[in-house]
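Me: I'd like to go through a protein model with you, one question at a time. Can you show me the structure before we start?

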Amino acid sequence: MTAVSKVLIVGGGIGGLCAAIALRRKGIEVDLVELKAEWTVYGVGIIQQCNVVREMARLGVLDGYLKAAFAFEDVALYNAHGHTLARIPGQRLAGPQYPANVGISRLALHQVLSTTAAELGTRIRLGTSVERLDQDEQGVDVTFTDGSQGRYELVVGADGLFSKVRGLLFGDTYTPRHTGQSVWRYNFKRDPSIDHLANYLGPDGNAGLCPLADDLMYLYLTSYEPGNPWMDTATLAAEMRKRLGAFTGLIGELREQIIDSSQVVYKPMEVVFVSEPWYRGRVLLIGDAAHATTPHLGQGAGMAIEDAVVLGELLGEPGGQGVDALLKRFMERRYERCKFISDSSILAGDKEIEHDHAFDRVGLVRQMLALTAEEI
Ligand SMILES: Cc1cc2nc3c(=O)[nH]c(=O)nc-3n(C[C@H](O)[C@H](O)[C@H](O)COP(=O)(O)OP(=O)(O)OC[C@H]3O[C@@H](n4cnc5c(N)ncnc54)[C@H](O)[C@@H]3O)c2cc1C
């Protein structure tokens, strides 16, 4: 007997879908509600590092995931002109036969996770959210936005940066804040030299190239945007080119090919960190709902996926322990690790804003890789 037999997951993003997979694999009943009626994700890629590849193996999705991804080994840091500052070999944490890191399109990742969650028997309802949560010692009565009701032994809020579940638990104690920076992204045909993750440290922000498929890679750029200004979507290509002005070499060549504003994905960086246990009673937050950070270390989704795997391990344990004891153990395994990623990612961005070129970015990346390689 597991501690819970029926769980509601709110949010069908990366964290919610991985949690559904992890819990279904332990035989726990899972309902999942997703706000979007059309379950789309925006079409750029995501970097998934060694720890994520290991956790995808634990979720039992590695083969389908690797088929949809571009596998690579090294992470390199260059200056704005392409001169190598460091090349860090990947660690094959899922086993010697599997790659260290991958780049994957967000759409492909969504397809792998949503198909697996559905095949494992997750009951998924789109265009639906939670309206009210009423807890007692044995469970949570949930009222959904369509007026229907359900009772669950645990509710998992995996509803992202602007989490409604977080609001229902903590009121307006935690609201996202803009860090001062934004991210710009653009897809290209993959250059043969981009068979690794390539980060370019620029004078005002950093650029990078991540391979996604044999014929696809994406370019990302961080920039200082004080006050989070409104951007005219018609001028995004010109604005992105302007912010890449200091780069030469491959980034400089690619800059001139950024001509279609409709293909630029622009996103202000917003963060939130819940600094107390991420649960009250039988309602728990995971992923960005609890710890949304900046993409400087490429670990936001990694932490959401790890949350899901740890939750599955704990809830899948047979026998005796109550939900409160399991959630305490969840926090012991997750809080410090996520706090490190959250704080260090924000620090890396702050140092870009301050133009602190003495900051040891390479050292921080090495520290992050060492920490995330450790077992959770
Ligand atoms: C520019 C940028 C680049 C990034 N790059 C990387 C990277 O390379 N590597 C990496 O590991 N991480 C990266 N991240 C971070 C990563 O995208 C997030 O950490 C990750 O998506 C968090 O997953 P999540 O499931 O917690 O939240 P989300 O992915 O935000 O999913 C939340 C889901 O909940 C749904 N939802 C929202 N509200 C409700 C509601 N009220 N009811 C029901 N459903 C709801 C949403 O529609 C969505 O489907 C990046 C982030 C940004 C902003």
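**Rings, charges and a ligand**

Reply: Sure, and keep in mind that this is a predicted model. Let's start with a cluster that ring pairs hold together on paper: the linked residues are Phe273, Trp278, Phe330 and Tyr335.

Me: Which charged end sits over the ring of Phe273?

Reply: Phe273 is one of the residues in that ring cluster. A charge sits over a ring only if it is within 6 Å of the ring centre and within 35 degrees of the ring normal. Here the distance from the centre is 5.1 Å, and the charged end belongs to Lys339.

Me: How are the planes of Tyr186 and Phe188 arranged: stacked, edge-to-face or tilted?

Reply: By the pairing rule there are ten aromatic pairs. Tyr186 and Phe188 form one of them, with 5.2 Å centre to centre and 50 degrees between the planes. Under 30 degrees would be stacked and over 60 edge-to-face, so with 50 degrees this pair is tilted.

Me: Are Tyr218 and Tyr220 buried or exposed?

Reply: These two also form a tilted aromatic pair, 5.8 Å centre to centre. Buried means under 20% relative accessible area, and exposed means over 50%. Both Tyr218 and Tyr220 come out as buried.

Me: Now the ligand. How much of its area does the protein bury?

Reply: A few contacts first: an oxygen atom of the ligand is 3.0 Å from an N or O atom in the side chain of Arg106, and one is 2.8 Å from an N or O atom in the side chain of Asp288. Ala301 joins in through a backbone N or O atom, 3.0 Å from an oxygen atom of the ligand. Taken alone the ligand exposes 1,000 Å², and the share buried by the protein is 86%.

Me: How many residues of the shell around the ligand are charged?

Reply: The ligand is surrounded by 31 residues, with Gly15, Glu34, Ile47, Ser129 and Asp288 the closest. Elements that each supply at least two residues of the shell include α1 (14-24) and α9 (300-315). The shell divides into ten nonpolar residues and 13 polar ones, and the number of charged residues is eight.

Me: Why does His355 count as partly exposed?

Reply: His355 is in the loop between α10 (323-353) and α11 (361-373), and its phi is near 55 degrees, a positive value in a residue other than glycine. Partly exposed is the class between under 20% and over 50%. His355 falls there because its relative accessibility is 38%.

How values were computed. Residues are numbered from 1 along each chain as its sequence is written. This is a predicted model: local features need pLDDT of at least 70, side-chain atom pairs count only at pLDDT 80 or more; totals for chains, interfaces and linings use all residues. Side-chain values use heavy atoms; hydrogens and water are left out. Helices (H or I, at least four residues) and strands (E, at least two) are DSSP runs, numbered from the N terminus. Buried means under 20% relative accessible area, exposed over 50%, partly exposed in between (1.4 Å probe, protein chains only). Rings of Phe, Tyr and Trp (its six-membered ring) pair if their centres lie within 6.5 Å; planes under 30 degrees apart count as stacked, over 60 as edge-to-face and the rest as tilted. A residue is near a molecule or strand if one of its heavy atoms lies within 4 Å of it. A polar contact is a pair of N or O atoms within 3.5 Å; within protein, one must be able to donate a hydrogen and the other to accept it, and residues adjacent in sequence count only if both atoms are side-chain atoms. Accessible areas come from the Shrake-Rupley method with a 1.4 Å probe; for residues, only the protein chains shown count as cover. Ala, Val, Leu, Ile, Met, Phe, Trp, Tyr, Cys and Pro count as nonpolar, Asp, Glu, Lys and Arg as charged, and the others, Gly among them, as polar.
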